[in-house]
Amino acid sequence: MEPDPANESTVLAFCEAFARRDVDELLTFFADDAVYHNIPFAPARGASEIRAVLETFVPGSPTIEFEVRNVASAGAVVFTERIDRMTFDGRDVELPVAGVFELADGRITAWRDYFDLQQFMGGAAPS
């Protein structure tokens, strides 16, 4: 499969939108039946569950940045290598993340993020 620049642009715009910290705007990127899965947590299915997950960290973080280091796509699938920076439960988090997005008709139908849970929870960062 060939790379899809339109899908890559949508995912990059989505990642940039986090800096504005507007959950309603973020939800516009998703298809109605989308699934958001932060591995190893349970997946969020549909707009109301995705909103609930986003509201656990987006409004409470004074700044959010998704630094996309690399992006690649094959058809409807877009891969990102990112550094996500935010404040979570009052502490600054800088988290390396591998994200996989699936898109249809310009909207995200699935988003899976893979990261080190111990590092996210405040444990020692990998050396």
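The following exercises, with worked solutions, concern the sheet and the aromatic pairs of a predicted model.

Residues are numbered from 1 along each chain as its sequence is written, and side-chain values use heavy atoms, without hydrogens and water. Because the model is predicted, local features need pLDDT of at least 70 and side-chain atom pairs count only at pLDDT 80 or more, while totals for chains, interfaces and linings use all residues.

**Exercise 1. The sheet**

Determine the order of the strands in the open sheet, and state which strands are the edge strands.

Solution.
1. Strands (E, at least two residues) and helices (H or I, at least four) are DSSP runs numbered from the N terminus, and two strands pair if DSSP finds at least two bridges between them.
2. The six strands follow the order 2-1-6-5-4-3, with mixed pairing.
3. Strand 2 (44–45) and strand 3 (65–74) each pair on one side only and are the edge strands.
4. Helix 1 packs on this sheet, touching strand 1, strand 3, strand 4 (77–88), strand 5 and strand 6; contact means heavy atoms within 4.5 Å.

**Exercise 2. The neighbours of strand 6**

Establish the sense in which strand 6 runs relative to strand 1 and to strand 5.

Solution.
1. Strand 1 (residues 30–39) and strand 6 (residues 107–114) are parallel and joined by six bridges.
2. Within this pairing, Phe 30 has Ile 108 as its bridge partner, and Val 35 stands opposite Ala 110.
3. Strand 5 (residues 91–104) pairs with strand 6 in the antiparallel sense, over seven bridges; Val 100 has Arg 112 as its bridge partner.
4. Strands 5 and 6 form a hairpin with two residues between them, and Asp 105 in the turn has a positive phi of about 55 degrees.

**Exercise 3. The rings around Phe 30**

Classify the ring pairs that Phe 30 forms with Phe 14 and with Trp 111.

Solution.
1. Rings of Phe, Tyr and Trp (its six-membered ring) pair if their centres lie within 6.5 Å; planes under 30 degrees apart count as stacked, over 60 as edge-to-face and the rest as tilted. The count by this rule is twelve aromatic pairs.
2. For Phe 14 and Phe 30, the centres are 5.4 Å apart and the planes stand at 90 degrees, so the pair is edge-to-face.
3. Phe 14 lies in helix 1 (residues 5–17) and Phe 30 in strand 1, so this pair ties together parts 16 residues apart in sequence. Both residues are buried (under 20% relative accessible area, 1.4 Å probe, protein chains only; exposed is over 50%, partly exposed in between).
4. For Phe 30 and Trp 111, the centres are 6.2 Å apart and the planes at 35 degrees, so the pair is tilted.
5. This second pair links strand 1 to strand 6 across 81 residues, and both Phe 30 and Trp 111 are buried.

Note on methods
Axes fitted to C-alpha atoms, helices over the stretch in contact; angles between N-to-C directions.
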